[in-house]
Amino acid sequence: KEQNRDGYVPLYASFESFYTRHVYRRVRDCWNMPVGSVPGKYITLLERESKDYGWTFQMTGKKVHCINLGSYNYLGFAENHGTCAEAAIKAVREEGVGTCSARRELGNAHHLDELDQLVARFVGSEDAITCAMGFATNSMNIPAILNKGCLVLSDEKNHASIILGLRLSRATIRVFKHNNMRSLEKRLREGIVNGQPRTHLPWEKIFIVVEGVYSMEGSVVRLPEILALKRKYGAYLYLDEAHSIGAMGPNGRGVVDYWGCNPRDVDVLMGTFTKSFGSAGGYIAGSKKLIALLRRGSHAHAYGTAMSPPVAQQILSSMKMIMGEDGTDEGVKKIRQLARNSRYFRQKLKQAGFIVYGNDDSPVIPVALYMPTKIAYVVREMIKRGVATVGVGFPATPLVEGRTRFCISASHTKEMLDHALGAMCEIGQQITIRCSRLPRRKE
Ligand code: PMP
């Protein structure tokens, strides 16, 4: 297994780029397919053919309509209808698509200040700052928060954007086992050096960096235990809620809400708008002091072009709907429907004998395939049966822990989920991936 000095494998641009370089080139027919529709509960994929082992493609002109179990459209806000879409269309008409300027210059569209305040209110923090890209929210803000004198304890399954941000910060990185509190405490003790009080530490600060819901594992962070460890050792906590904000908790306010914790106990709350809000961009929320620091020192804020008005408007409308501020109970209904759909699909897969990873409440549902060669087969066969899913392998997972991942949405109906289950069972029988006798991984 290739590993860098900080414990993470090298970051390939994508799963596909790793496979095209190292394994084989013919898998590109079934992922990275051009999309010709809204990525809602259904998706239209445009078929293409490769003549020379995946180097060049020709469109066949055929459209494949699929049930979409691959996009992160957790609450169904990606669908292009309803009041949210109308508001975004109005924003395009009135203010155009691009801001053509950084926020410090002429790019401070009036939606953006309102969005900062709404996000802070939604997640329950003092202040918040928003960025045009979710990936850059991690990779460009982390270097402004951490520096060379910090020790970072990072979950081994953290997202590439976090790893990049940590590397750019030049902090010392120590990786702990996924969601494993004993491993984290061991790392904390190592960092404390002979149990000396915090003021005498060699580190300026110790940061624990974790995610809310892990996108390749479907697991939920053990937040109460991490908060207890953080208090015990005087560390700080950075929590990436990209997959949990909107999707987890009775009020959709992420894993903090799910575990009933106080959001002010988390020092840095990060999240993206690309999943539950059906839009683009990300946010960092925390104390007024932290956000002031980022307004001064974050490269994403200072040098990146500001978020576009329709994108910001989509977030404002969907977030207000989740908060019930649009005067309807649509948002709460969506959150409940997502929870019901996720539990139903996961339970049915388990009953069918598949090895399913993750927490029962998570809308991310990975199914173990193990062999890398089975990943492309399953994705291709699912598309043939009218279901679009995602195949995941190295470097996003260990080499022999390939999986297919289903992302559940509140807009899926029971019939759609049953169709996908039927297709998965058929394929499972063909390539013997249904095997309830294999040991289940510990949560
Ligand atoms: N953090 C996590 C945990 C993610 O999974 C992702 C991408 N899915 C990002 C950050 C980057 O966000 P975006 O896709 O919005 O750029």
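Of the 14 residues around the ligand in this predicted model, the ones that come nearest are G134, F135, H159, A242 and T274. Helix 4, spanning residues 134-145, gives the most to this shell, with three residues. Sorted by class, the shell turns out to hold nine polar residues, three nonpolar ones and two charged ones.

Stepping back from the ligand, the chain as a whole has 443 residues, and 48% of them count as buried. It is built from 14 helices and 13 strands. Contacts reach well along the sequence, too: among those with a separation of 6 or more, 69% are between residues 24 or more positions apart.

The chain splits into two domains. Domain 1 is made of two stretches, 15-68 and 331-430, while domain 2 covers 82-323. Their C-alpha centres lie 27 Å apart. Where the two meet, 15 residues of domain 1 are in contact with 14 residues of domain 2. On the domain 1 side, the elements that give two or more residues are helix 12 (330-351) and strand 10 (364-370). That side of domain 1 has nine nonpolar residues, together with five polar ones and just one charged residue. For the shell around the ligand, by comparison, the count was three nonpolar, nine polar and two charged.

Then there is a little piece of sheet to look at. Three strands make up an open sheet, in the order 1-2-11, and the pairing is mixed. Strand 1 (42-50) and strand 11 (387-388) stand at the edges with a single partner strand each, so one side of each has no neighbour in the sheet. Strand 2, residues 57-68, is joined to strand 11 by two bridges, and this pair runs parallel. Looking at individual residues, N68 stands opposite A388 in strand 11.

How far does the predictor itself back all this? The mean pLDDT of the chain is 89, and 88% of its residues reach 70 or more. The model also scores ipTM 0.99 and pTM 0.91. One word of caution applies to the rest of the chain: where pLDDT is low, the predicted coordinates should not be read in detail.

Key:
Residues are numbered from 1 along each chain as its sequence is written. This is a predicted model: local features need pLDDT of at least 70, side-chain atom pairs count only at pLDDT 80 or more; totals for chains, interfaces and linings use all residues. Domain bounds come from an automatic or database domain assignment. Two residues are in contact if their C-beta atoms, placed from the backbone, lie within 7 Å. Helices (H or I, at least four residues) and strands (E, at least two) are DSSP runs, numbered from the N terminus. Ala, Val, Leu, Ile, Met, Phe, Trp, Tyr, Cys and Pro count as nonpolar, Asp, Glu, Lys and Arg as charged, and the others, Gly among them, as polar. Two strands pair if DSSP finds at least two bridges between them. A residue is near a molecule or strand if its C-beta atom, placed from the backbone, lies within 6 Å of it. pLDDT is the predictor's confidence in each residue, from 0 to 100. A residue is buried if 20 or more other C-beta atoms lie within 10 Å of its own, exposed if 12 or fewer, and partly exposed in between; C-beta atoms are placed from the backbone.
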